[in-house]
Amino acid sequence: MTATAIAPSNLAPVPGPLPGAPRMLTGDRPTGRLHLGHYAGSLANRIRLHRRYESFFIIADLHMLTTKNSPAEIAETGKHATDMVLDSLAAGLDPAHSVFYLQSAVPEVAELSLLLSSLVTVPRLQRIPSLKEMGQHAGQREMPLALLGYPVLQAADILAVHAAVVPVGKDNAAHVEVAREMARRFNRRYGEVFTVPDLVPADVPVLPGTDGRAKMSKSLGNAIYLSDPPEVVSAKVRRMYTDPARTTAGVPGTVEGNPVFVYHDAFNDRPPEVAELKERYLAGKVGDAEVKEKLTAALNRFLDPIRERRARFEADQGLVEELIVTGTARTRREVKRTLADVRAAMGLTTALAGFRRAARSRSRSRSRSRSRSRTEDVRDRG
Ligand code: TRP
């Protein structure tokens, strides 16, 4: 991971993809504000790619229900979704090139998920490690059906919009593989309907937390948020875990895997400064305080333009909500079309069409015979 690899890309508006350009889909469950870990792991990739495709971003509230489904958790969806979209725009997604949509407001996806569920077996899903982890993490002793079906629903999301590319982190790679298998199986069995999606893997290692634990995460309370003000960033960095063996500045330290240097590598836009700090750190010639001050400065240089854009988008009241409403309507049209194609390809429309024809012809012949008997009545009376 290098600073240039994840620096905000050129944000000047550029022409959009041509109509019919390949589609990209990715997104998150609405669990709140985005942090530096999200940026390194997925946002940077999204920002880099999104203008090349017709880009869809899912707010996966149905997926959230597989582990978080209390009324209180569900009530937070709106707030969390707007925060997430706002953070994404602030980080550099161009609203003119991004379709944001709320999964639960596209109910056709659930029907598609049901139809696809006959294309995968239970043992295949049980072998996916991320699902077991998610269940344990959520305190479930046994696997809920919805959680086992998580990758099937995700496949429905992906296939419903004919996404050609799906950039996701490590945890989701196995789910995209399931989607690929299902698309191929469907196309072979019922005819070519689906695009087989390609996984775009995140090419960056997982960002550690400020406490030195392996992963930055909201639930671990070890995150620096894109929306944190400068003072908060500075306080969090001051408390950051570094090399525990280094009791004073004179003790040579370890750079490898040291979160302070992992963040420097990821976010400091001055590589010579980082190289020089590392050299002195290894030699026991710099205190943690200086390394941290320089990190705070670098993070604030990185976050300042994000904060500015966030404030601008926030001041444009109703913009985020409008983007979600129009994006959801747009996506729903696409998904309805796909679902109609799927039902037709599977032959699910044939039986009902036959019933309708027969019912119509019966009602026609009945009304003919009724009108015949009416004429006869008239004749009799006359
Ligand atoms: N599973 C993703 C997560 O970890 C969210 C998601 C749902 C998704 N459907 C998707 C990602 C389709 C990419 C494509 O939160």
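## Salt bridges and a crossover: worked exercises

Arg 343 has a relative accessible area of 29%, which makes this residue partly exposed. Keep in mind as you work that the model is predicted.

**Exercise 1.** Find the salt-bridge partner of Arg 343 and work out which parts of the chain the pair ties together.

*Solution.* Start with the side chain of Arg 343: it meets that of Glu 111 in a salt bridge, at 2.7 Å from N to O. Next, place both ends: Arg 343 sits in helix H16 (residues 319-346) and Glu 111 in helix H6 (residues 108-116), so the pair links parts that are 232 residues apart in sequence. Last, check the acid: Glu 111 comes out at 31% relative accessible area, so partly exposed.

**Exercise 2.** Asp 28 and Arg 46 form a salt bridge. Decide for each residue whether it is buried or partly exposed.

*Solution.* The two side chains meet at 2.9 Å, N to O. Asp 28 belongs to strand E1 (residues 23-28) and Arg 46 to helix H2 (residues 36-49), so this pair holds together parts 18 residues apart in sequence. Now apply the cut-off: buried means under 20% relative accessible area. Asp 28, at 21%, is therefore partly exposed, while Arg 46, at 5%, is buried.

**Exercise 3.** Work out how Arg 307 and Asp 304 are placed along helix H15.

*Solution.* Their side chains meet in a salt bridge of 2.9 Å, N to O. Both residues lie in H15 (residues 288-315), and because they are three residues apart, about one helical turn separates them. As for accessibility, Arg 307 is buried at 15%, and Asp 304 is partly exposed at 36%.

**Exercise 4.** Zoom out: how many salt bridges are there, and which residues are linked in a network?

*Solution.* The count comes to 28 salt bridges. The network links Arg 23, Glu 54, Arg 330, Glu 334 and Arg 337.

**Exercise 5.** Trace the chain from strand E4 to strand E5 and give the handedness of the crossover.

*Solution.* First, the pairing: E4 (residues 163-168) and E5 (residues 198-201) run parallel, with four bridges between them. For a handhold, take Val 166, whose bridge partner in E5 is Leu 199. Then follow the path: the chain leaves E4, passes through helix H11 (residues 170-190) and reaches E5, giving a right-handed β-α-β crossover.

**Exercise 6.** Describe the surroundings of Arg 124.

*Solution.* Arg 124 is part of helix H7 (residues 122-126). Its relative accessibility is 18%, so Arg 124 counts as buried. Leaving aside residues up to four places away in sequence, Arg 124 touches Glu 177, Val 178 and Glu 181.

Conventions:
Residues numbered from 1 in each chain as written. Predicted model: local features only at pLDDT ≥ 70, side-chain atom pairs only at ≥ 80, totals over all residues. Heavy atoms only, no water. Pairing = 2+ DSSP bridges. Helix = DSSP H or I, 4+ residues; strand = E, 2+ residues; numbered from the N terminus. Right-handed = clockwise from strand over helix to strand, strands pointing away. Buried < 20%, exposed > 50% of the residue type's maximum accessible area, 1.4 Å probe, protein only. Contact = heavy atoms within 4.5 Å. Salt bridge = Lys/Arg side-chain N within 4 Å of Asp/Glu carboxyl O.
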